[in-house]
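Biologist: I would like a close look at one part of this model, taken slowly and with the reasoning spelled out. Please begin with a charge placed over a ring, and then go on to the aromatic pairs and the helix packing.

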Amino acid sequence: MIEATLSLLADKRSWFFDLLLQHVGLSLVAIGLAGVLGLAVGTIIARQKRAAKPTLALVSFAYTIPSIALFGFLIPATGIGDVTAVIALTVYALLPMVRSTYTGLTDIDPAIVEAARGMGSTDSQTLLCVELPLAAPVIVSGVRSMATMTIALAGIASFIGAGGLGVAIYRGITTNNLAMTLAGSLLIALLAIAVDLALAAAEKALTQRRSVGRQRSAGAGRHKLPRWTRAAGATAVCAALVAGGAFALADRWGDQGGVVRIATKPMTEQYILGEMLSTLVERDTDLTVELTQGVGGGTSNIQPGMESGAFDLYPEYTGTGWNAVLKHEETYDESRFDDMQREYEASFNLTWRGMYGFNNTYGLAVSAAAAERYGLRTYSDLAAVAGELSLGAEPDFFDRQDGYPGLQQAYGMAFGATRDMDIGLKYQALFDGQVDAIAVSTTDGQVADGRLVVLEDDRGFYPSYRCGNVVAVDTLERYPQLGEVLDKLDGVIDDKDMARMNNQVETQGREPKAVADEFLTQKGLM
């Protein structure tokens with residue numbers, strides 16, 4: 001596995017380097033902002049002791065908010081992408097910064113501070129030239145903890161399409177590629193270790209100089225003190241971090257003329273479709289593609305990005321559009337497509353263009369052992385024994401009318417236990433015996449695995465989920481050549497084609513781009 005991971009890093013070094021730059025950029029901006037805010041807040045509460053307890057409690061509370069929940073609060077206001085990721089990382093980085101600043105300043109011997117003031121130092125001179133230098137080792141210890149934590153935590157940015165090395169980890173999980181997961185994790189670990197070692201050296205140097213600072217502080221009032229030197233230096237360091245991070249992200253914040261921003265869900269087939277779209281658009285037009293692969297949360301996070309203009313198009317499924325986006329409760333069938341198209345255009349100024357041809361509907365699968373033990377062949381069979389079994393699926397499956405609630409109504413299906421899990425982990429959970437049944441997609445590459453049995457929907461519960469592209473009308477008007485490319489994809493992929501391509505990625509370890517290019521060549525599109 002180590003050899004496979006190193007080989008992957010070498011083969012895809014350009015891709016990993018881009019992800020590394022994104023990861024460093026997001027981390028540096030968050031560290032710089034948290035450094036300035038944390039130092040300021042910690043200093044204020046060290047002076048205003050009454051505010052210390054409620055402030056630290058508030059910062060601690062913010063630190064305990066799960067990242068998914070925090071994204072849920074932020075996305076309606078700041079949208080998908082870098083800004084939301086930076087805000088979230090800054091929030092989590094504040095606690096160690098505020099605590100270390102407060103602790104460092106309040107642990108200083110009061111006699112030293114009083115001596116400095118007694119010799120004529122002003123409050124600002126005392127703070128800048130006596131207190132902060134003496135507290136510096138503790139503050140730097142906090143910076144060290146904050147920086148390494150932020151670099152490790154920045155992997156969550158990929159969940160909302162902000163990039164970073166979390167993209168490799170998440171993609172490795174969803175495509176069953178352990179080498180890619182290890183490669184992304186290894187790079188994050190090495191980056192965090194390098195930063196930790198650098199800051200450890202700075203912390204050691206400051207500790208050695210602390211005794212010198214104590215000796216000099218006694219004469220603080222007799223010498224002209226560089227009043228703003230240290231403050232300016234600290235501010236410059238934080239500004240440099242923010243500027244460095246912004247520079248690393250500059251390619252995504254610059255002029256976006258002639259760029260089509262494509263998003264995909266965290267599913268193997270969506271990675272393949274994203275590569276197809278990217279290849280055809282850049283090959284057949286003069287446009288450049290910015291491809292954001294595997295946005296966590298799928299539709300729930302990509303659709304707001306489409307509405308805000310963060311993305312221009314993404315592959316979607318008709319049943320999902322009808323129920324999850326348009327919020328209709330009735331079951332979707334393809335006779336409703338024109339109605340759905342009109343509603344998309346009227347409500348969101350979005351349209352459907354380039355319907356691939358395959359239908360990736362939901363299904364239910366059980367472990368082969370459970371199928372044999374209970375004689376399971378249909379959904380009705382499963383409903384009869386569901387109370388003794390557990391079901392695993394993506395979180396939104398348990399809330400959607402075309403998910404578990406609908407199954408309960410249609411089949412009277414009530415499982416003894418349910419478990420929310422990521423789309424990339426549910427198959428392994430089934431194979432490991434952690435759950436007895438899972439929700440699957442009929443074009444998943446792993447549905448052919450002999451360790452599971454896909455059951456028959458004997459009452460025809462599941463609606464149609466034909467796959468096509470949701471694209472912004474404004475984008476099509478600006479780049480009419482894009483519409484011509486999307487039209488080339490009409491009807492080119494059937495269910496067996498998609499399942500076969502998914503299988504090549506998930507079980508044969510092929511790259512989504514290689515699979516996509518091979519298929520386009522076979523169809524005469526390349």
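Modeller: In this predicted model, the charged end of R451 sits over the ring of F431, at 3.8 Å from the centre of that ring. A second placement of this kind involves K12, which lies over the face of W15 at 4.8 Å from the ring centre.

From charges over rings we can turn to rings beside rings, of which the structure holds 18 aromatic pairs. One of them joins Y344 and W352, whose centres are 5.5 Å apart and whose planes stand at 80° to each other, an edge-to-face arrangement. Planes over 60 degrees apart count as edge-to-face, so the angle of 80° places this pair in that class. Both partners are buried, Y344 with a relative accessible area of 0% and W352 with one of 4%. The pair of F461 and Y462 is also edge-to-face, with 4.9 Å from centre to centre and 65° between the planes. Here F461 counts as buried because its relative accessibility is 14%, under the cut-off of 20%, and Y462 is buried at 10%. These two residues belong to a wider cluster, in which ring pairs link Y362, Y379, F397, F398, Y404, Y411, F415, F461, Y462 and Y465.

W15, the residue beneath K12, brings us to the helices, since W15 is among the residues of α2 that touch α8. Helix α2 covers residues 13-47, and its axis lies 9 Å from that of α8 at an angle of about 125°, which makes α2 oblique to α8. On the α2 side the contact is made by W15, F16, L19 and H23, and on the α8 side by G166, V167, A168 and R171. By character, five of these contact residues are nonpolar, two are polar and one is charged.

Helix α8, residues 166-174, packs in addition against helix α12, residues 268-284, at an angle of about 120° and with the axes 9 Å apart. These two helices are therefore oblique to each other as well. In this contact Y170, R171 and T174 of α8 meet T268, Y271 and E275 of α12, and the residues divide into two nonpolar, two polar and two charged. R171 thus appears on the α8 side of both contacts, facing α2 in one and α12 in the other.

Key
Residues numbered from 1 in each chain as written. Predicted model: local features only at pLDDT ≥ 70, side-chain atom pairs only at ≥ 80, totals over all residues. Heavy atoms only, no water. Phe/Tyr/Trp six-rings, centres within 6.5 Å; stacked < 30°, edge-to-face > 60°. Buried < 20%, exposed > 50% of the residue type's maximum accessible area, 1.4 Å probe, protein only. Lys NZ or Arg CZ within 6 Å of the ring centre and 35° of its normal. Axes fitted to C-alpha atoms, helices over the stretch in contact; angles between N-to-C directions. Helix = DSSP H or I, 4+ residues; strand = E, 2+ residues; numbered from the N terminus. Parallel < 35°, antiparallel > 145°, perpendicular 65-115°, else oblique. Contact = heavy atoms within 4.5 Å. Nonpolar A, V, L, I, M, F, W, Y, C, P; charged D, E, K, R; others polar.
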